[in-house]
Amino acid sequence: QLDGLMEHLDPLGRAVFQTARFTAGRINEVLSLTWSNIYEDCLVFPKAITKKKVRTREIPMNPKLQCEIATWKTSWPDKFGRDPDPNDFVFPVKADISKHVTRRFVDKALRSACTEAELHGSLRTAFAVRH
């Protein structure tokens with residue numbers, strides 16, 4: 001169901017949620033990432049953006065996430081009018097790229113995707129993984 005849900009998100013929403021999914025990052029951590037935090041083989045959550053600001057976390061790059069990030073980076077210039085700089089947010093606001101999208105923005109995107117995918121019930125149910 002989660003893979004099906006991703007098909008109902010725009011490229012920005014899909015990249016946000018896939019980053020959270022494959023890194024187990026908190027949404028605020030994911031939204032605070034800059035392009036300088038993303039490497040070919042890993043993604044780095046600097047301690048300044050982590051919840052308790054205790055330590056930097058380095059997450060190995062999952063191949064699916066690597067593909068999703070590459071796709072997002074390719075579409076970034078079309079959306080924002082230029083190539084991303086290392087200090088740009090990975091997920092900026094279109095009207096002001098010096099700011100990242102908000103939790104509320106991604107929550108609305110997720111709720112809309114759940115409606116389109118006809119997933120009813122709580123969002124927690126939508127993200128349940130079956131084994």
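A disulfide is taken here as a pair of cysteine sulfur atoms within 2.5 Å. By this criterion, a search of the whole structure, a predicted model, returns 0 disulfides. The cysteines differ in their surroundings: Cys67 is classed as partly exposed because its relative accessibility is 48%, whereas Cys114, at 5% relative accessibility, is classed as buried. Cys42 lies in strand S1 and is also buried.

The largest nonpolar core comprises 31 residues, and those with the most contacts inside it are Val16, Trp35, Ile38, Leu43, Trp72, Val90 and Phe91. At least two residues of this core come from each of helices H1 (2-6), H2 (11-23), H3 (27-31), H4 (63-80) and H5 (103-116), and from strand S1 (42-45). Beyond four places in sequence, Phe91 touches Leu12, Ala15, Val16, Thr19, Val30, Leu31, Trp72, His100 and Val101.

Ile38 is located in the loop between H3 and S1. Its relative accessibility is 15%, and Ile38 therefore counts as buried. When neighbours within four places in sequence are set aside, the contacts of Ile38 are Leu43, Met61, Ile69 and Val90. The C-alpha atoms of Ile38 and Pro86 are 9.1 Å apart, with a separation of 48 residues along the chain.

Strand S1 pairs with strand S2 (residues 57-60) in the antiparallel sense through 4 bridges. Within this pairing, Cys42 has Pro60 of S2 as its bridge partner. Cys42 and Val44 point one way from S1, Leu43 and Phe45 point the other way, and all are buried.

Notes. Residues are numbered from 1 along each chain as its sequence is written. This is a predicted model: local features need pLDDT of at least 70, side-chain atom pairs count only at pLDDT 80 or more; totals for chains, interfaces and linings use all residues. Side-chain values use heavy atoms; hydrogens and water are left out. A nonpolar core is a set of buried Ala, Val, Leu, Ile, Met, Phe, Trp, Tyr and Cys residues joined through side-chain atoms within 4.5 Å. Buried means under 20% relative accessible area, exposed over 50%, partly exposed in between (1.4 Å probe, protein chains only). Contact means heavy atoms within 4.5 Å. Two strands pair if DSSP finds at least two bridges between them.
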